[in-house]
There are 2 protein chains.
Amino acid sequence: MAFTFQINNDVHFNHDKQLLATATAAAPILKMKTITSKRLVSLTKDSSKLGGIWTKPAVDQNLDRPLKKGDSLIIDFGNHYVGHFSLHIDSVGSPMDAPLTLRVKFAEMPVELSQNSADYKGWLSSSWIQEELLHLDVLPTELKLPRRYSFRYVELTVVDTSPKWQVSFSDAQVTAKSSVDPANFEAPKLKDPELQKIYTVGLKTLEDCMQTVFEDGPKRDRRLWLGDLRLQALADYATFDDTQLVKRCLYLFAGMTAEDGRIPANVFTSPADTPDDTFLFDYSLFFVSVLSDLMRHQFDSAVLTDLFPIAKKQMDLALTKVDDQGQLVLDDNYPVFVDWSNDFDKGAAGQAILIYTLKQFIALAQLHGDDSSSYIATLKQLTDFARTSLYDQKAGLFVSGPNREPNIASQVWMTLAAVLPQAETKALMQRTVEKLFPVKNIATPYMYHHVVEALFISGLNDQAVALMKQYWGRMIELGADTFWEAFDPDRPDYSPYGSTLLNSYCHAWSCTPVYLIDQYLLKEG
Amino acid sequence: MAFTFQINNDVHFNHDKQLLATATAAAPILKMKTITSKRLVSLTKDSSKLGGIWTKPAVDQNLDRPLKKGDSLIIDFGNHYVGHFSLHIDSVGSPMDAPLTLRVKFAEMPVELSQNSADYKGWLSSSWIQEELLHLDVLPTELKLPRRYSFRYVELTVVDTSPKWQVSFSDAQVTAKSSVDPANFEAPKLKDPELQKIYTVGLKTLEDCMQTVFEDGPKRDRRLWLGDLRLQALADYATFDDTQLVKRCLYLFAGMTAEDGRIPANVFTSPADTPDDTFLFDYSLFFVSVLSDLMRHQFDSAVLTDLFPIAKKQMDLALTKVDDQGQLVLDDNYPVFVDWSNDFDKGAAGQAILIYTLKQFIALAQLHGDDSSSYIATLKQLTDFARTSLYDQKAGLFVSGPNREPNIASQVWMTLAAVLPQAETKALMQRTVEKLFPVKNIATPYMYHHVVEALFISGLNDQAVALMKQYWGRMIELGADTFWEAFDPDRPDYSPYGSTLLNSYCHAWSCTPVYLIDQYLLKEG
């Protein structure tokens with residue numbers, strides 16, 4: 001994920017050398033594979049695809065056909081990859097009497113190629129646009145771009161040569177990188193071809209985001225966010241099962257807490273392990289969740305011993321935000337994220353997330369042999385407040401904020417947190433479907449994941465599958481090779497950044513259908 | 001020099017391995033020196049400087065002052081250099097949460113920084129504009145740009161960061177390159193401070209163009225042109241005296257003749273020794289001149305033995321263009337250059353250049369022990385035609401072309417070729433000064449060099465010195481650190497390319513005051 005900018009230059013951080021050394025020791029050696037392509041495409045209008053743009057084969061072009069000033073071509077690598085691009089470039093004609101100016105633009109989706117980078121006026125840095133303007137003094141050359149890109153399509157534009165010679169390309173290839181080798185995992189065969197497609201695209205999304213950390217998006221942000229890690233880890237356990245990478249990421253967060261003990265929402269690992277000065281209430285708490293999920297998936301007492309104190313600190317700090325009535329009261333300096341959309345009140349969802357993680361924490365404390373009695377008392381207080389003050393008996397729905405708004409996020413997180421007795425949960429989600437569906441104003445696969453999981457947990461499997469197909473299936477219809485960071489089916493051109501040019505079309509928090517299908521349709525189904 | 005494009009893809013070339021191996025063995029090891037600068041300047045309007053633009057100290061700026069999106073600064077290295085630029089770049093503030101987009105623009109003259117590269121619409125490749133757009137994923141970094149630039153000023157523009165951090169620069173340096181070390185040459189002390197300045201700037205121009213070959217311009221073209229080599233070699237003999245580099249360049253031309261024997265006007269040496277498919281009548285003939293000048297400066301029988309046959313071939317081919325009356329008749333496929341200006345007829349100058357080089361060839365043939373009698377006969381025929389058919393007795397001037405135009409270039413080259421008896425030469429150049437001066441429509445220091453030398457040869461030293469000061473001195477007044485490729489004092493914004501942005505402000509054929517001063521004011525003065 002990403003978020004509006006927090007600047008907290010005055011926050012100082014701990015750097016726990018031992019925890020960070022454990023993180024470093026767990027760093028993966030990335031698996032490389034080389035993909036070549038000579039397949040050229042051109043853009044075409046297609047209203048059924050994202051942004052109304054799709055590709056068609058460029059039947060009259062060859063990769064090595066000489067290009068003059070102003071000419072361009074688009075190479076299609078056939079699927080989404082994360083890695084390094086290389087290309088052989090030669091001159092044809094008279095000797096090369098001027099440098100070549102070459103523009104290389106990388107795109108995950110064809111629509112990106114239809115957008116002029118110079119027109120970008122969004123609020124996130126334009127530096128994220130995957131486009132290079134190169135001057136090459138001497139041809140032939142093997143162009144090996146030093147930066148890593150995330151793409152399926154590469155557009156090469158000959159910005160200038162001289163009238164005396166043209167440019168010829170060959171050996172276009174990507175050296176793709178991931179911490180996992182998909183050949184080592186046999187994906188399940190699903191009877192439903194639509195779900196099978198969703199599973200395949202989700203798995204590719206996860207693979208491409210698994211690098212030296214679980215990245216949120218290999219195109220943009222390219223770093224480890226704690227809320228995203230929670231979902232990536234669940235998807236990973238259901239597929240590649242690379243628990244070492246999950247442990248590495250937990251140790252990175254544990255090793256770089258603020259002086260007050262809070263875990264930052266994200267960390268950087270290059271040029272050195274560095275905590276970001278952004279803090280999100282729910283993200284800090286999800287350290288408890290990731291640790292809890294890992295212990296349930298593969299117990300490791302050494303990890304628990306190392307990390308339990310960090311988890312406890314997150315919970316203790318979170319509980320200072322609870323008032324005497326058992327209500328979570330947050331301020332703008334430590335907001336709860338829940339979703340990119342700000343069109344709904346997040347208070348009740350935040351309360352539920354605290355309950356959700358507190359339950360996980362109590363289980364961890366018991367596993368660790370810690371006294372959990374005070375936490376159990378607080379849990380009751382929080383739950384009681386939710387059941388009494390945040391529940392509208394007449395409507396049969398949880399309500400949020402001063403306007404007592406009954407939004408989907410509140411019902412979903414209260415369900416995930418099991419605030420109501422199991423018997424009442426199904427009815428709650430049924431009322432949610434009846435009264436609040438179709439889903440509106442939710443902008444991320446991250447929040448959609450929670451909606452689907454709440455439906456599954458409530459036994460509403462048909463509705464869960466239908467929503468998965470409506471949402472993730474719709475991205476595939478629109479052309480996705482990997483699932484996206486942000487997607488509002490009612491506004492396919494939605495961007496949190498003021499321009500879809502900076503949207504990330506391979507974003508890890510959207511990969512969760514592999515987990516949902518595994519957990520609720522294969523294991524339980 | 002450069003010229004309108006000739007495309008002769010069908011011409012095949014000889015590659016004489018032995019001659020080219022000799023050229024390779026003579027390649028210099030470049031001398032490096034490191035120059036650092038913290039001196040920042042800003043642009044200011046100044047009608048007395050080229051393009052009305054000059055610099056002033058940027059008193060309120062420091063190199064390491066943090067810059068945000070849109071900020072820029074200009075580093076002044078204090079003199080012109082050719083080499084590699086490096087810079088330490090760090091981020092300041094919150095962690096670097098997006099790549100840095102940095103524009104780096106190099107300029108020989110301040111006016112280049114006032115011109116927007118995107119506005120360039122000239123006919124030479126825009127690829128020559130010394131500007132890079134870089135994306136840096138990780139800071140701090142030592143930026144070491146791989147390309148070589150020719151510059152005094154470096155403009156750094158922070159195109160984008162993110163609101164969370166700024167950019168800070170330090171350790172700006174250029175690693176300057178040349179085949180010669182100026183510390184090994186003690187420049188003469190001249191009484192005239194104006195001539196001293198002209199000498200100093202000419203010497204720097206020569207130094208910066210002496211690389212692995214005598215380049216024409218280190219900013220643009222960056223290759224070995226034969227006509228330019230002739231003047232560079234003369235300037236070199238009068239100063240650094242690096243005869244090995246002259247020999248290397250002669251062997252490069254000799255090793256790569258067209259199948260008909262013609263030497264191309266220029267050659268490339270990277271990635272491999274490659275002849276250009278451009279042919280200029282006078283440039284091919286100047287192989288004779290360079291060989292002749294070298295033998296007079298430092299006789300070398302092995303070089304003469306190797307290269308005399310190549311020189312002979314140029315002369316024999318040139319003489320096929322002479323008709324029965326002794327008139328040189330050229331066509332557009334093998335034009336004579338003389339000057340960038342096309343505002344005067346070049347026929348008589350071409351005839352004179354043939355006579356000039358034929359005399360040098362006859363001397364070489366005699367030195368080599370070859371029979372020169374037939375060439376002596378042809379010389380008489382060419383000279384007779386010039387004296388009778390190209391000389392207007394009434395005006396006392398040579399005339400050129402169907403309109404019998406009495407232009408400066410004709411008088412000058414006829415003087416240099418000593419077509420008239422010595423006694424009449426002074427009168428010819430005096431009439432030239434009286435009737436044709438002030439000089440108009442000559443666009444290059446290359447042609448101005450020949451005007452000045454003709455004045456000196458005719459004994460008109462005062463006029464020669466005055467013209468040197470008017471022309472080269474004017475470039476210094478306009479801000480030159482090195483002399484320029486093209487300069488018309490009546491049109492300081494003249495460019496052969498449709499935009500001064502591509503003009504080369506360090507161009508070797510303009511360095512000749514060091515030769516002229518040495519030859520005619522120090523040796524003979």
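By what turn can chain A be laid on chain B, and with what RMSD?

**Figure 1. Chains A and B of the predicted model, related by rotation****.** A turn of 180° lays chain A on chain B with an RMSD of 0.0 Å. The shift along the axis is 0.0 Å. That is the relation of a two-fold axis. The same surface serves both copies. Of the contact residues of chain A, 100% recur in chain B. Leu133(A) is the residue of chain A that comes closest to the rotation axis. Its C-alpha lies at 3.2 Å.

**Figure 2. The second largest pocket, lined by residues of chains A and B****.** The volume of this pocket is about 1200 Å³. Its lining holds 47 residues. Closest to the centre are Arg103(A), Leu133(A), Arg103(B), Ala118(B) and Leu133(B). In chain A, β5 (100-107), β6 (131-136) and β8 (149-160) each give two or more residues to the lining. In chain B, β5 (100-107), β6 (131-136) and β8 (149-160) do so too. By residue class, the lining has twelve nonpolar, 19 polar and 16 charged members. Leu133(A) links this view to the previous one: this residue is among those closest to the pocket centre, and of chain A it comes closest to the rotation axis.

**Figure 3. The annotated domain of chain A****.** An unreviewed UniProt entry places the feature "domain: Alpha-L-rhamnosidase six-hairpin glycosidase" at residues 192-518 of chain A. Helix makes up 54% of this span, and strand 3%. The end C-alpha atoms of the span lie 14 Å apart.

**Figure 4. A three-stranded open sheet in chain A****.** The strand order is β10-β11-β12 (chain A). Pairing is antiparallel. Which strands form the edges? They are β10 (224-225) and β12 (274-275) of chain A, each pairing on one side only. Two bridges join β10(A) to β11 (residues 266-268) of chain A. Trp225(A) stands opposite Asn266(A), a residue of β11(A).

**Figure 5. A loop residue with positive phi, Arg222(A)****.** Arg222(A) sits in the loop between α3 (193-209) and β10 of chain A. Its phi is near 50°. That is a positive value in a residue other than glycine.

**Figure 6. Two cis peptide bonds, one in chain A and one in chain B****.** In chain A, the bond from Leu139(A) to Pro140(A) is cis, with omega near 0°. Pro140(A) belongs to the loop between β6 and β7 (141-144) of chain A. In chain B, a cis bond joins Phe437(B) and Pro438(B), with omega about -5°. Pro438(B) lies in the loop between α11 (422-436) and α12 (445-457) of chain B.

Technical notes. Residues numbered from 1 in each chain as written. Chains lettered and ligands numbered in written order. Predicted model: local features only at pLDDT ≥ 70, side-chain atom pairs only at ≥ 80, totals over all residues. Heavy atoms only, no water. 1 Å grid on protein atoms, 1.4 Å probe; cavity = no way out; pocket = protein on both sides within 12 Å on 5 of 7 lines; lining within 4 Å. Points joined across faces, edges and corners; volume = space filled by probe spheres on them. Helix = DSSP H or I, 4+ residues; strand = E, 2+ residues; numbered from the N terminus. Nonpolar A, V, L, I, M, F, W, Y, C, P; charged D, E, K, R; others polar. UniProt positions renumbered as here; feature names shortened; annotations may be inferred. Pairing = 2+ DSSP bridges. Least-squares fit on C-alpha atoms with pLDDT ≥ 70 in both. Contact = heavy atoms within 4.5 Å.
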